[in-house]
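Visitor: I have the model open and would like some help reading its side-chain features. Could we start with charged pairs in helices, then move on to the core?

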Amino acid sequence: MEIILHLDIKKISTDYSDALKEYIKRISPFAKVKVSTYKNINKLTVASTSKILLIEAGENTLTSPQLADFIEKISLDGLSVLEIIIPNPDNIKQIKDTLSSQCFNYDILNISSFSMSVEMTATVATEQIYRAYTILNNIKYHK
């Protein structure tokens with residue numbers, strides 16, 4: 001599977017970049033992860049054959065086992081690309097409108113009930129993706 005993270009940020013700071021690289025390295029045996037940053041998220045393009053997830057703050061947060069089930073279902077449905085959009089909280093409505101106007105179906109993923117920076121959200125999301133793959137592959141997460 002290929003996972004593309006679309007981040008609504010011009011540049012990732014070094015601290016977060018290092019954390020993202022570490023989780024991407026851990027995910028690499030299971031999936032290829034690509035990170036794209038945007039000065040203007042409105043220039044975002046997604047493939048019509050991809051599964052699209054939009055991350056926003058919300059109460060209905062997904063547990064690690066639920067995310068693992070979601071990823072497994074995507075694979076079983078024959079989809080090979082998962083595109084995850086992590087917008088600045090101020091741009092969520094605009095992204096939703098853009099996706100809807102282009103007739104893209106997307107799911108919303110809540111990984112926290114509070115708003116976080118794009119960088120923190122990306123880091124938490126990659127950690128959760130790694131955790132999901134450890135569950136799917138019966139790998140002990142904590143060493």
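Guide: Keep in mind that this is a predicted model. In general, side chains of opposite charge can pair when their charged atoms come close. Here, look at helix α3, residues 92–101, where D97 and K93 sit four residues apart, about one turn of the helix. Their side chains meet in a salt bridge, at 3.0 Å from N to O.

Visitor: Are those two buried or exposed?

Guide: D97 counts as partly exposed, at 41% relative accessibility. K93 is exposed, with a relative accessible area of 58%.

Visitor: Which residues are joined into one network by salt bridges that share partners?

Guide: That would be E22, K25 and R26. Take one pair from it: R26 bridges to E22, and their closest N and O atoms are 2.9 Å apart.

Visitor: Where do R26 and E22 lie with respect to each other?

Guide: Both are in helix α1, and because they are four residues apart, about one helical turn separates them. As for accessibility, R26 is partly exposed at 37%, and E22 is partly exposed too, at 31%.

Visitor: How many salt bridges does the model have?

Guide: The count comes to six. Another of them links the side chains of D77 and K73, with 2.8 Å from N to O. D77 is partly exposed, with a relative accessible area of 48%, and K73 is partly exposed with a value of 48%.

Visitor: OK, on to the inside. How should I read a nonpolar core?

Guide: The general idea is that in soluble globular proteins, nonpolar side chains tend to be buried together. In this model the largest nonpolar core has 30 residues, and I3, L7, I84, I86 and I129 have the most contacts inside it.

Visitor: Which elements give two or more residues to this core?

Guide: Strands β1 (2–7), β3 (51–55) and β4 (81–86) do, along with helices α1 (14–27), α2 (64–76) and α4 (118–136). The largest share, seven residues, comes from α4.

Visitor: Say I click on I84. What is I84 in contact with, leaving aside its neighbours within four places in sequence?

Guide: You'll find I3, I4, L5, H6, L53, I55 and I129. I3 and I129 appear there, and both are also among the residues with the most contacts inside the core.

Visitor: What does the second, separate core include?

Guide: That second core has eleven residues, among them Y38, L44, L99 and F104.

Technical notes:
Residues are numbered from 1 along each chain as its sequence is written. This is a predicted model: local features need pLDDT of at least 70, side-chain atom pairs count only at pLDDT 80 or more; totals for chains, interfaces and linings use all residues. Side-chain values use heavy atoms; hydrogens and water are left out. A nonpolar core is a set of buried Ala, Val, Leu, Ile, Met, Phe, Trp, Tyr and Cys residues joined through side-chain atoms within 4.5 Å. Buried means under 20% relative accessible area, exposed over 50%, partly exposed in between (1.4 Å probe, protein chains only). Contact means heavy atoms within 4.5 Å. A salt bridge is a side-chain nitrogen of Lys or Arg within 4 Å of a carboxyl oxygen of Asp or Glu.
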